[in-house]
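Trainee: I'm new to reading structures like this one. Could you walk me through it, one feature at a time?

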Amino acid sequence: MIRYDTGDVGVLGECNTNNDFPVLKTIHGRISDMLIDTSGNVISPFVVHTTLYEYSELEQFQIIQNGKKDYILKINCINNKFTKEAHFLKFFKNVLGEDANLKIEYVKEIPVLKSGKRKIVVNNFNKV
């Protein structure tokens, strides 16, 4: 993949053979799907994905990063009721930084991409 930018984020490692060439050990997803915490560290979208299972009231969710510390949490709830908002905000403060500016927006629908999927993470800041 010389001079080829796929937009994917991965981790290089050492090859187990006798050559000195680096190898791609893991792929973590697209760079546009990564969040950046308030300290500048990259946060994998899998942190978000795995946590969402704790919130059965959520029908759809999306987090959008618009600035170094600015995040919007779009929520579509079953029966328009989300009783775990404080716990939800606390989780994201722990992940993104206590100084994160989090804003919850309740929405009726999160748009679907042409692929038929919904993006859970959108990074409009993208300073990775």
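Mentor: Sure, and keep in mind that this is a predicted model. Let's begin with how open to the outside a residue is. Glu105 has a relative accessible area of 24%, so it counts as partly exposed, the class between under 20% and over 50%.

Trainee: Which residue does Glu105 meet in a salt bridge?

Mentor: Lys103 does the pairing: the two side chains come together with an N to O distance of 3.8 Å. That falls inside the rule, which asks for a side-chain nitrogen of Lys or Arg within 4 Å of a carboxyl oxygen of Asp or Glu. Lys103 is partly exposed too, at 49% relative accessibility.

Trainee: How many salt bridges does that rule give here?

Mentor: Three. Another one joins Arg118 to Glu109, with the closest N and O atoms 2.3 Å apart. Arg118 is partly exposed at 35%, and Glu109 is partly exposed at 46%.

Trainee: And what about Asp99, which residue is its salt-bridge partner?

Mentor: That's Lys69, and the closest N and O atoms of the pair are 2.8 Å apart. This bridge links distant parts of the chain, since its residues are 30 apart in sequence. Asp99 sits in the loop between helix 2 (85-96) and strand 7 (101-106), while Lys69 sits in the loop between strand 5 and strand 6 (70-77). Asp99 has a relative accessible area of 37%, which makes it partly exposed, and Lys69, at 30%, is partly exposed as well.

Trainee: Let's turn to Asn76. Is Asn76 buried or exposed?

Mentor: Buried: its relative accessible area is 6%, and the cut-off for buried is under 20%. You'll find Asn76 in strand 6.

Trainee: What lies 2.8 Å from a polar atom of the Asn76 side chain?

Mentor: The backbone oxygen of Lys108. Lys108 is also on the list of residues in contact with Asn76, once neighbours within four places in sequence are set aside. The others on that list are Glu57, Leu58, Glu59, Gln60, Val107 and Glu109. You've already met Glu109, as the salt-bridge partner of Arg118.

Trainee: Now for empty space. How do people go looking for pockets?

Mentor: Rolling a probe the size of a water molecule over the atoms shows where empty space is left. In this model, the second largest pocket has a volume of about 150 Å³.

Trainee: Which elements give two or more residues to the lining of that second largest pocket?

Mentor: Helix 1 (45-52) and strand 5 (58-65). Strand 5 supplies the largest share, four residues. The full lining is His49, Leu52, Tyr53, Tyr55, Leu58, Glu59, Gln60, Phe61 and Ile120. Leu58, Glu59 and Gln60 should ring a bell, as they are among the contacts of Asn76.

Trainee: How do the lining residues divide into nonpolar, polar and charged?

Mentor: Six are nonpolar, two are polar and one is charged.

Trainee: Can we step back to the whole chain? What pattern does it follow along the sequence?

Mentor: Read along the sequence, it goes β-β-β-β-α-β-β-α-β-β, with two helices and eight strands in total. Of its 128 residues, 34% count as buried.

Trainee: And what share of the contacts comes from residues 24 or more positions apart?

Mentor: Among contacts with a separation of 6 or more, those pairs account for 56%.

Note on methods:
Residues numbered from 1 in each chain as written. Predicted model: local features only at pLDDT ≥ 70, side-chain atom pairs only at ≥ 80, totals over all residues. Heavy atoms only, no water. 1 Å grid on protein atoms, 1.4 Å probe; cavity = no way out; pocket = protein on both sides within 12 Å on 5 of 7 lines; lining within 4 Å. Points joined across faces, edges and corners; volume = space filled by probe spheres on them. Nonpolar A, V, L, I, M, F, W, Y, C, P; charged D, E, K, R; others polar. Buried < 20%, exposed > 50% of the residue type's maximum accessible area, 1.4 Å probe, protein only. Polar contact = N/O pair within 3.5 Å; in protein donor to acceptor, adjacent residues only side chain to side chain. Contact = heavy atoms within 4.5 Å.
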